[in-house]
Amino acid sequence: MSPNYIQHSAHIEPGRDGLFNLIRNAPDTLRYEHQLIVAEAEYVIVHGRFSGIGRLLPGSPRILSGSRTPSGRTLDVLQDEVTKAESKSGLPMFGDRFTA
């Protein structure tokens with residue numbers, strides 16, 4: 001992890017220390033399940049689900065998407081996963097079935 005790492009998440013303290021502190025303080029129940037990894041030239045996109053850490057917003061599970069730009073920078077996008085009843089398309093955001 002670069003010493004120049006910049007954390008843009010509203011849920012994590014700034015810089016490398018914010019990310020490292022998040023990981024150090026994560027509960028033993030934390031799980032990560034990757035769904036899709038795509039790489040083309042210098043671009044890498046990883047789509048997966050974190051669970052076992054509670055919710056970002058009340059009432060929804062979690063989703064994480066991350067991508068690496070050509071400059072080697074990483075962008076994290078945390079998005080709450082919706083239930084079947086909340087999905088306007090009727091499709092899950094992750095995988096082929098709803099978890100709730």
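I began with the strand pair: strand S1 and strand S2 (residues 43-51) run antiparallel and are joined by nine bridges. For my own notes, strands are DSSP runs of E with at least two residues, numbered from the N terminus, and two of them pair if DSSP finds at least two bridges between them.

A word on what I am looking at: this is a predicted model, where local features need pLDDT of at least 70, side-chain atom pairs count only at pLDDT 80 or more, and totals for chains, interfaces and linings use all residues. Residues are numbered from 1 along each chain as its sequence is written, and side-chain values use heavy atoms, with hydrogens and water left out.

Next I looked up the turn. S1 and S2 make a hairpin with two residues between them, and Ala41 in that turn has a positive phi of about 55°.

Then I checked who faces whom. Tyr32 stands opposite Phe50 in S2, and His34 stands opposite Gly48 in S2.

I stayed with S1 (residues 31-40) for Leu36, which is found there. Leu36 is partly exposed (between 20% and 50% relative accessible area, 1.4 Å probe, protein chains only), at 46%. Leu36 also belongs to a nonpolar surface patch with Val38 and Ile45, with about 250 Å² of accessible area together. Such patches take residues with over 30% relative accessible area and no salt bridge, nonpolar side chains being joined within 5 Å; a salt bridge is a side-chain nitrogen of Lys or Arg within 4 Å of a carboxyl oxygen of Asp or Glu. Accessible areas come from the Shrake-Rupley method with a 1.4 Å probe.

Last entry: Gln79 is found in strand S4 (residues 74-80).

Key. Helices (H or I, at least four residues) and strands (E, at least two) are DSSP runs, numbered from the N terminus. Patches are made of residues with over 30% relative accessible area and no salt bridge: like charges are joined within 9 Å, nonpolar side chains (Val, Leu, Ile, Met, Phe, Trp, Tyr) within 5 Å.
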